[in-house]
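Me: Can you walk me through this fold? I'd like to go through it by question and answer.

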Amino acid sequence: MNPDDTTDETTDVTVGDDGIRLGQLLKYADVVDSGAEVKSLLADGEVAVNGEEETRRGRQLFAGDIVRVGDRRILLRAGDGD
């Protein structure tokens, strides 16, 4: 998986300084509806963070991280500080 490939569907998500956990992000971005679906995607090796396969739903993500699930690409962006 190439995290810089822009041919897939891209979703931008704004995160604060504390970031967001991977499982929460996948639900927020409407990739999954439940935590059980997150577990299944991770167990099947279908999730990558910054080009590396990820298996931990609790992984903390921050602005600049790129998450891929199938043909979906989620780009985390820094909040504006409001």
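Reply: Sure, one term before we start: a polar contact is a pair of N or O atoms within 3.5 Å, where within protein one must be able to donate a hydrogen and the other to accept it, and residues adjacent in sequence count only if both atoms are side-chain atoms. This is a predicted model, where local features need pLDDT of at least 70, side-chain atom pairs count only at pLDDT 80 or more, and totals for chains, interfaces and linings use all residues. Residues are numbered from 1 along each chain as its sequence is written, and side-chain values use heavy atoms, leaving out hydrogens and water.

Me: Which side chain has a polar contact with that of E54?

Reply: E54 sits in the loop between β4 (52-53) and β5 (60-61), with strands being DSSP E runs of at least two residues, numbered from the N terminus. Its relative accessibility is 4%, so E54 counts as buried (under 20% relative accessible area). The side chain joined to E54 by a polar contact of 2.8 Å is that of R56.

Me: Is β7 largely enclosed or not, and how many of its residues are buried?

Reply: β7 pairs (at least two DSSP bridges) with β1, running parallel through 7 bridges. β6 also joins β7, antiparallel, through 4 bridges. β7 is largely enclosed by the rest of the structure, because the buried count is 5 of its 7 residues.

Me: In the hairpin of β6 and β7, which residue takes a positive phi?

Reply: V69 has R72 as its bridge partner in β7. The hairpin has 2 residues between the strands, and the one with a positive phi near 60 degrees is G70.

Key: Buried means under 20% relative accessible area, exposed over 50%, partly exposed in between (1.4 Å probe, protein chains only).
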